[in-house]
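This report looks at the inside of a protein model and at some of its helices and strands. Please keep the sequence and the structure in view while reading.

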Amino acid sequence: VKMNNMSEKSFGAANQQATRQMWRGASETTRRAPHSKKEIRAYLLGALHDGSLNKKKRFRITQKGKGWLEILKILLKQIGYNSWIYKEGRERKVYALETLANFLDFEFNPLKLRKSGEKIGYIRGFFDAEGGIPKKTKDRFYIQLVQNDKDKLEKLKNLLNGLEVETGKIHNPSKKVDPEYWRMYVLTNSQMNFVKQIGSFHPRKAKILKKRMKI
């Protein structure tokens, strides 16, 4: 559901300050609020890679815990869209966010993005949805991006290269296990650049990145 329209100009200091206040207490990485509606849209389009379509009209994203979903709800509200969060089942700790935001598109081509802030927003959303980092501090650090669509990873690789973030070869870990599962890693010499430039709005991932990379 679309709320009252906001002009790009109205998305100024007041809205950014409100977002920062809502995120207060989160990590430094999470506190980096987007600077425009277009950057928020790009982030949400990237985050949609963890989504599905419910009843052919409602976009739906599920997660264990509500932290990241609450941030998605804040961002949707910042650009004028309603969303709602609910728990799936009584015993499960899985939550879902649904929205009717009509700009969301599973077929969106990120190579159409022109401004670096929008490209960064899209990659950050993709990473928060489909990115992987080690949960345990004793494990060797890595940043991976995964997807069942190899073409989407190719486009993401293109965007990252344009931001001077180098990635390894897109590969399938095991064709026997899942022939449609594709993965690529951010190269070690580009990990710090990825964290500083891309970062994360996902509470758990942002906390790990800050701790492991000392940002």
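Strand β2 gives the most to the lining of the largest cavity, with three residues. The model is a predicted one, and the cavities are a convenient place to begin.

**Cavities**

How many cavities of 30 Å³ or more are there? The count is two. The table sets them side by side.

| Cavity | Volume | Nonpolar lining residues | Polar lining residues | Charged lining residues |
|---|---|---|---|---|
| Largest | about 70 Å³ | eight | one | one |
| Second largest | about 60 Å³ | five | one | two |

The lining of the largest cavity consists of Leu44, Leu48, Phe59, Arg60, Ile61, Leu72, Leu76, Leu97, Thr99 and Leu104. Three elements each supply at least two residues of this lining: β2 (58-64), α3 (67-78) and β4 (94-99).

The second largest cavity is lined by Leu45, Leu48, His49, Asp105, Phe106, Phe108, Tyr122 and Lys152. Leu48 is thus named in the lining of the largest cavity and also in that of the second largest.

**Helix α2**

Helix α2 covers residues 37-47. Is this helix mostly covered or mostly uncovered? It is mostly covered, since nine of its eleven residues are buried. The buried residues are Lys37, Glu39, Ile40, Ala42, Tyr43, Leu44, Leu45, Gly46 and Ala47. Two of these names appear in the cavity linings: Leu44 lines the largest cavity, and Leu45 lines the second largest.

Which elements do the buried residues of α2 pack against? They pack against β1 (51-54), β2, α3 and α4 (116-130). Of these, β2 and α3 are also among the elements that supply residues to the lining of the largest cavity.

**The sheet of β5, β6 and β7**

Strands of a sheet pair through backbone hydrogen bonds, and the pairing can be parallel or antiparallel. Here three strands form an open sheet in the order β5-β6-β7, and the pairing is antiparallel. The edge strands are β5 (131-132) and β7 (182-185), each of which pairs on one side only.

Strand β6 spans residues 144-147, and two bridges join β5 to it. At this pairing, Gly132 stands opposite Gln144 in β6.

Helix α4 comes back into the picture at this sheet. It lies across β5 and β6, and it runs at about 80 degrees to β6. The helix α4 is therefore linked to two parts of this account: the buried residues of α2 pack against α4, and α4 lies across two strands of the sheet, β5 and β6.

Note on methods:
Residues numbered from 1 in each chain as written. Predicted model: local features only at pLDDT ≥ 70, side-chain atom pairs only at ≥ 80, totals over all residues. Heavy atoms only, no water. 1 Å grid on protein atoms, 1.4 Å probe; cavity = no way out; pocket = protein on both sides within 12 Å on 5 of 7 lines; lining within 4 Å. Points joined across faces, edges and corners; volume = space filled by probe spheres on them. Helix = DSSP H or I, 4+ residues; strand = E, 2+ residues; numbered from the N terminus. Nonpolar A, V, L, I, M, F, W, Y, C, P; charged D, E, K, R; others polar. Buried < 20%, exposed > 50% of the residue type's maximum accessible area, 1.4 Å probe, protein only. Contact = heavy atoms within 4.5 Å. Pairing = 2+ DSSP bridges. Axes fitted to C-alpha atoms, helices over the stretch in contact; angles between N-to-C directions.
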